[in-house]
Amino acid sequence: IESIARQVLNVRATHQARLHELISKGCKIIGYVRKLLGKESITTRLRLLESMVDKLMKASSVDMVFG
(Lines give C-alpha, C1' and ligand atoms only; values in the text may rest on other atoms or scores of the structure.)
Protein backbone atom coordinates (compact mmCIF):
# COMPACT_ATOMS: atom_id res chain seq x y z
CA ILE A 1 0.00 0.00 0.00
CA GLU A 2 2.84 2.39 0.78
CA SER A 3 4.27 1.87 -2.71
CA ILE A 4 0.92 2.66 -4.33
CA ALA A 5 0.51 5.80 -2.20
CA ARG A 6 3.98 6.97 -3.24
CA GLN A 7 3.15 6.41 -6.92
CA VAL A 8 -0.10 8.38 -6.60
CA LEU A 9 1.76 11.29 -4.99
CA ASN A 10 4.36 11.29 -7.77
CA VAL A 11 1.93 11.29 -10.70
CA ARG A 12 2.06 15.06 -11.22
CA ALA A 13 5.85 15.23 -11.02
CA THR A 14 6.19 12.31 -13.44
CA HIS A 15 3.66 13.88 -15.81
CA GLN A 16 5.44 17.24 -15.80
CA ALA A 17 8.85 15.63 -16.28
CA ARG A 18 7.55 13.76 -19.33
CA LEU A 19 6.02 16.94 -20.77
CA HIS A 20 9.28 18.86 -20.31
CA GLU A 21 11.15 16.00 -22.00
CA LEU A 22 8.82 16.24 -24.99
CA ILE A 23 9.09 20.04 -25.09
CA SER A 24 12.89 19.83 -25.03
CA LYS A 25 12.68 17.56 -28.09
CA GLY A 26 10.70 20.24 -29.93
CA CYS A 27 7.23 18.77 -29.50
CA LYS A 28 4.24 21.08 -29.20
CA ILE A 29 1.85 20.27 -26.36
CA ILE A 30 -1.83 20.65 -27.23
CA GLY A 31 -4.63 20.48 -24.67
CA TYR A 32 -8.33 19.81 -25.07
CA VAL A 33 -11.22 20.97 -22.89
CA ARG A 34 -14.95 20.52 -23.11
CA LYS A 35 -17.94 21.34 -20.97
CA LEU A 36 -21.05 19.30 -21.51
CA LEU A 37 -24.32 21.16 -21.66
CA GLY A 38 -25.88 21.56 -18.27
CA LYS A 39 -28.23 23.79 -16.36
CA GLU A 40 -25.74 26.64 -15.88
CA SER A 41 -26.00 29.93 -17.76
CA ILE A 42 -23.78 30.67 -20.77
CA THR A 43 -21.81 33.11 -18.59
CA THR A 44 -21.12 30.43 -16.01
CA ARG A 45 -20.31 27.91 -18.73
CA LEU A 46 -17.74 30.26 -20.29
CA ARG A 47 -16.22 31.06 -16.89
CA LEU A 48 -15.82 27.33 -16.15
CA LEU A 49 -14.25 26.68 -19.56
CA GLU A 50 -11.81 29.57 -19.07
CA SER A 51 -10.89 28.19 -15.66
CA MET A 52 -10.22 24.74 -17.16
CA VAL A 53 -8.03 26.29 -19.88
CA ASP A 54 -6.04 28.30 -17.31
CA LYS A 55 -5.46 25.22 -15.15
CA LEU A 56 -4.44 23.14 -18.14
CA MET A 57 -1.98 25.75 -19.35
CA LYS A 58 -0.41 26.12 -15.90
CA ALA A 59 -0.30 22.41 -14.99
CA SER A 60 0.81 21.02 -18.33
CA SER A 61 2.69 23.87 -20.04
CA VAL A 62 0.54 23.45 -23.12
CA ASP A 63 1.22 25.58 -26.19
CA MET A 64 -2.38 25.60 -27.39
CA VAL A 65 -5.80 24.57 -26.09
CA PHE A 66 -8.84 23.73 -28.18
CA GLY A 67 -12.33 22.64 -27.30
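How many helices and strands does the protein chain have? In this predicted model, the protein chain has three helices and two strands.

**View 1. The elements of the protein chain in order.** Start at the N terminus and follow the chain along: the elements run α-α-β-α-β. The radius of gyration is 16 Å, well over the 11 Å that the globule rule gives for 67 residues, so the protein chain is more spread out than a compact globule. Along its principal axes, the C-alpha trace spans about 45 × 35 × 15 Å.

**View 2. Contacts and burial in the protein chain.** Here we turn to how the residues meet one another. Of the contacts with a separation of 6 or more, 57% are accounted for by residues 24 or more positions apart. As for burial, 12% of the 67 residues count as buried.

**View 3. The surface and charges of the protein chain.** The accessible surface comes to about 5,700 Å², and carbon and sulfur atoms hold 61% of that area. The protein chain also carries 12 positive and 6 negative charges, and the mean positions of these two groups are 4 Å apart.

**View 4. A closer look at Ser3.** You can find Ser3 in helix α1, which covers residues 2-9. Is Ser3 buried, partly exposed or exposed? Its relative accessibility is 43%, and because this falls between the 20% and 50% cut-offs, Ser3 counts as partly exposed.

**View 5. Ser3 and Met57.** This pair is 54 residues apart along the chain. In space, the C-alpha atoms of Ser3 and Met57 are separated by 30 Å.

Notes:
Residues are numbered from 1 along each chain as its sequence is written. This is a predicted model: local features need pLDDT of at least 70, side-chain atom pairs count only at pLDDT 80 or more; totals for chains, interfaces and linings use all residues. Side-chain values use heavy atoms; hydrogens and water are left out. Helices (H or I, at least four residues) and strands (E, at least two) are DSSP runs, numbered from the N terminus. The radius of gyration is taken over C-alpha atoms; the globule rule is 2.2 Å times the number of residues to the power 0.38. Buried means under 20% relative accessible area, exposed over 50%, partly exposed in between (1.4 Å probe, protein chains only). Contact means heavy atoms within 4.5 Å. Accessible areas come from the Shrake-Rupley method with a 1.4 Å probe; for residues, only the protein chains shown count as cover. Lys and Arg count as positive and Asp and Glu as negative; His and the chain ends are not counted. The place of a charge is taken as NZ of Lys, CZ of Arg, CG of Asp or CD of Glu.
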